[in-house]
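The following exercises are to be worked through with the sequence and the structure at hand. Each task is followed by a solution in steps.

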Amino acid sequence: MVCSVSAQNVVPSYDLTQTGALELAEQARLEAQKLDKNVSVAVLNGSGVTILLLKGDNVGPHNTEASRRKAYAALSTKTPSFELMQKAAADPTAHNLNTLPELLLLGGGVPVWKDGNLVGSLGVSGAGGGQGDHDVARKAVENLGFTIEKK
């Protein structure tokens, strides 16, 4: 039996490359350096696969896993984890989001969008709290011409 695959059975995907992940990590390092901080960084591709995970110098080991989970939360929900944290805190019906094992409702995870396509996510941990982590991640993404919101 021969089956043919039509265009309606295939979804195009757009993913960050390894080079793109390395460039995002470097931008995050540079942005954190402006705050006199070192950060751990995670980059996921558009399918949620970890393509880069770096522990920052003199940063607690828990920050490495935190950066990955922040990146996952941002990719999975297509929402910056800082915004997701705020929404969950304000909405009692969303409090249970923090019970999902991979989601981490702390600032520092941002989706990475290019030309309206979700291409990956970046997670940052160690920049001095959720707002600092979020700002470092956002700036790193924007420095390379990506956005953290679908446009």
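**Exercise 1: A pair of strands**

Task: In this predicted model, identify the bridge partner of V110 in β4.

Solution: The bridge partner of V110 in β4 is L122. This pair belongs to the antiparallel strands β3 and β4 (residues 117-125), which are joined by six bridges.

**Exercise 2: The sheet and its helix**

Task: Determine the order of the four strands in the open sheet, and state which strands helix α2 touches.

Solution: Step one is the order, which reads β2-β1-β4-β3, with antiparallel pairing. Step two concerns the edges: β2 (50-54) and β3 (109-114) each have a single partner strand, so one side of each lacks a neighbour in the sheet. Step three is the twist, which averages 15° from one strand to the next. Step four adds helix α2 (residues 62-77), which packs on the sheet and touches β1 (40-45), β2, β3 and β4. The direction of α2 makes about 150° with that of β4.

**Exercise 3: The setting of S40**

Task: Decide whether S40 is buried or exposed, and find which backbone atom lies 3.0 Å from a polar atom of its side chain.

Solution: First, locate S40 in strand β1. Next, apply the cut-off: buried means under 20% relative accessible area. S40 has 0% relative accessibility and therefore counts as buried. Then turn to the side chain of S40, where a polar atom lies 3.0 Å from the backbone nitrogen of G56. Finally, consider the contacts of S40 beyond its neighbours within four places in sequence; among them are L54, G56, N63, S67 and V124.

Conventions: Residues numbered from 1 in each chain as written. Predicted model: local features only at pLDDT ≥ 70, side-chain atom pairs only at ≥ 80, totals over all residues. Heavy atoms only, no water. Pairing = 2+ DSSP bridges. Helix = DSSP H or I, 4+ residues; strand = E, 2+ residues; numbered from the N terminus. Axes fitted to C-alpha atoms, helices over the stretch in contact; angles between N-to-C directions. Contact = heavy atoms within 4.5 Å. Buried < 20%, exposed > 50% of the residue type's maximum accessible area, 1.4 Å probe, protein only. Polar contact = N/O pair within 3.5 Å; in protein donor to acceptor, adjacent residues only side chain to side chain.
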